[in-house]
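Let's take a walk through a protein chain together. Keep the picture open while you read, and find each residue as it comes up.

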Amino acid sequence: MSRAEVSRMRPPLVPLGTLIGRELRNEKLEKPFLKYGQAALAKKGEDYFLIKPDCLRVPGNPSTSFSVFAIFDGHNGISAAIFAKENLLDNVLSAIPQESSREEWLQALPRALVAGFVKTDIEFQQKGETSGTTVTFVVIDDWTITVASVGDSRCILDTQGGVVSLLTVDHRLEENVEERERVTASGGEVGRLNVYGGNEVGPLRCWPGGLCLSRSIGDTDVGEFIVPIPHVKQVKISNAGGRLIIASDGIWDALSSDMAAKSCRGLPAELAAKLVVKEALRSRGLKDDTTCLVVDIIPCDQPVLPPTPRKKQNMLRSLLFGKKSQNFMNKSTNKLSAVGVVEELFEEGSAMLAERLGKDFPSNATSGLFRCAVCQVDQAPADGLSVNSGPFFSPASKPWEGPFLCANCRKKKDAMEGKRAGIPTVIS
Ligand SMILES: [Zn+2]
């Protein structure tokens with residue numbers, strides 16, 4: 001099929017306001033199709049990916065389906081990447097209350113992702129292995145996309161009109177001032193590698209350990225200030241559809257988000273993934289594991305995702321909004337809501353567990369048991385730590401205002417904040 005033929009099949013753009021209006025009037029929007037492709041080239045063999053297009057919220061009910069796509073870029077070995085690939089999804093799902101409606105499920109998802117990432121990290125630590133992994137974890141439910149990430153793998157969204165937006169945040173010490181400050185405040189040191197003669201080389205790393213990332217799953221030997229708490233972003237795209245490109249840093253060290261999106265527009269997902277990898281290789285050579293997933297979210301009456309005629313679109317916009325708004329458009333790469341193509345539903349990136357779990361976590365009132373908000377283990381309050389027992393068990397921390405945490409997860413929380421539990425403060 002030629003590009004011209006494909007472009008003739010392009011559906012008319014439907015403004016988000018109209019879409020929301022339809023939903024309010026209870027007009028059922030049809031589920032989109034997903035088409036996806038994957039390509040990879042290994043240098044060290046530490047990249048893993050997960051493709052699960054047919055998950056069900058309610059077992060046996062196909063109308064509750066959702067899809068998961070993820071990339072795990074391991075370092076210092078492969079065991080953390082494999083462990084996360086095998087356990088993370090289950091750990092996230094177990095943190096969502098059973099029998100939730102679709103809306104409740106989507107609303108609970110950002111917090112469940114935080115709980116699932118932390119639980120997976122604790123479980124991996126208990127194995128006593130030392131490797132670590134980045135995670136970029138994407139959940140697609142109809143037109144709603146939720147992305148949780150630690151590390152420097154990235155997910156971008158290319159929508160109608162050629163607007164490219166980043167759905168993840170890079171947790172690289174070199175590029176993230178906030179994370180450098182957090183790591184330092186929690187007891188880590190940030191600096192470059194010193195070579196003979198006192199010259200500093202390479203990117204900023206944290207010590208002990210020498211990792212360039214500030215967040216990951218695993219890395220037991222590096223220090224608890226390398227936290228597994230993900231940045232989470234949830235957006236809803238219009239029913240014109242969109243394309244996700246999820247890839248490890250082998251791609252992003254070679255290509256900008258715009259370059260990656262442009263290099264494969266108008267091509268089917270499978271070919272697109274191959275082309276992005278080829279393009280990265282062409283510009284930088286094979287220096288690292290390079291893995292790319294492309295997922296097209298397509299209106300159900302369209303065979304392929306229509307290409308995005310950028311120039312025409314901008315011209316139309318400038319006619320509609322005048323020059324001032326055209327300038328505004330150019331700056332809008334990360335402000336999708338401003339162009340009415342995508343609605344931003346949720347974004348939070350704090351590394352503090354208390355801020356991420358919220359205060360309104362329900363206890364199991366009927367049984368008198370408390371359920372740990374991270375690992376979902378039921379405990380009678382007397383068995384573990386009560387909801388507000390902070391000062392007794394961790395002298396350095398403020399009273400905990402969050403939901404119930406079991407002794408184990410509580411210890412993990414304090415360690416991530418640079419407060420070791422069980423070490424009494426000696427006042428002389
Ligand atoms: Zn727990």
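What follows goes from the whole chain down to single residues.

This is a predicted model, so keep the ground rules in mind: local features need pLDDT of at least 70, side-chain atom pairs count only at pLDDT 80 or more, and totals for chains, interfaces and linings use all residues. Residues are numbered from 1 along each chain as its sequence is written.

## The whole chain

The protein chain has twelve helices and 16 strands. Those are DSSP runs numbered from the N terminus, with helices being H or I of at least four residues and strands E of at least two. Of the 428 residues in the protein chain, 42% are buried. A residue is called buried if 20 or more other C-beta atoms lie within 10 Å of its own, exposed if 12 or fewer, and partly exposed in between, with C-beta atoms placed from the backbone.

Now for contacts. Two residues are in contact if their C-beta atoms, placed from the backbone, lie within 7 Å. Looking at contacts in the protein chain with a separation of 6 or more, 68% are between residues 24 or more positions apart.

## The core

In soluble globular proteins, nonpolar side chains tend to be buried together. Here, the largest nonpolar core holds 97 residues, and the members touching the most others are Val-138, Ile-245, Val-276, Cys-292, Leu-293 and Val-294. Helix α4 (residues 102-126) gives this core its largest share, nine residues. (A nonpolar core is a set of buried Ala, Val, Leu, Ile, Met, Phe, Trp, Tyr and Cys residues joined through C-beta atoms within 7 Å.)

Take Val-276 and skip its neighbours within four places in sequence: its contacts are Ile-245, Ala-247, Ile-251, Ala-260, Ser-263, Cys-264 and Cys-292.

## Two helices that pack

How do α3 and α4 pack? Helix α3 (residues 79-93) meets α4 at an angle of about 140°, and their axes are 9 Å apart. That angle makes the pair oblique, because angles under 35 degrees count as roughly parallel, over 145 as roughly antiparallel, 65 to 115 as roughly perpendicular and the rest as oblique. The axes are lines fitted to C-alpha atoms, for helices over the stretch in contact, and angles run from 0 to 180 degrees between N-to-C directions.

On the α3 side, the contact includes Ala-80, Phe-83 and Leu-88, and on the α4 side it includes Leu-113, Gly-116 and Phe-124. By class, the contact of α3 with α4 has eight nonpolar, four polar and two charged residues. In this scheme Ala, Val, Leu, Ile, Met, Phe, Trp, Tyr, Cys and Pro count as nonpolar, Asp, Glu, Lys and Arg as charged, and the others, Gly among them, as polar.

## A helix tucked away

Helix α12 (residues 407-416) is largely enclosed by the rest of the structure, because seven of its ten residues are buried. The buried ones are Cys-409, Arg-410, Lys-411, Lys-412, Lys-413, Asp-414 and Met-416. After α12 comes Gly-418, with a positive phi near 80°.

Lys-412 also turns up among the contacts of Val-118, along with Pro-228, Ile-229, Leu-353 and Val-374, when neighbours within four places in sequence are left aside. Val-118 lies in helix α4.

## How crowded are they?

Here are some residues to look up, with the count of other C-beta atoms within 10 Å.

| Residue | C-beta neighbours within 10 Å | Class |
|---|---|---|
| Val-118 | 28 | buried |
| Glu-279 | 19 | partly exposed |
| Glu-347 | 14 | partly exposed |

Glu-279 is part of helix α8 (residues 269-284). Leaving aside its neighbours within four places in sequence, Glu-279 touches Leu-255 and Ser-263. Glu-347 belongs to strand β14 (residues 342-348). The C-alpha atoms of Glu-347 and Ala-148 are 9.8 Å apart, though the two are 199 residues apart along the chain.

## Backbone oddities

Most residues other than glycine have a negative phi, and most peptide bonds are trans. Which residues are joined by a cis peptide bond? They are Trp-207 and Pro-208, with omega about 0°. Pro-208 sits in the loop between β9 (200-207) and β10 (217-218).

Glu-99 is not a glycine, yet its phi is positive, about 55°. You'll find Glu-99 in the loop between α3 and α4, and it counts as exposed, with 8 C-beta neighbours inside 10 Å. Gln-376, also not a glycine, has a positive phi near 65°. Gln-376 is in the loop between β15 (370-371) and β16 (378-379).
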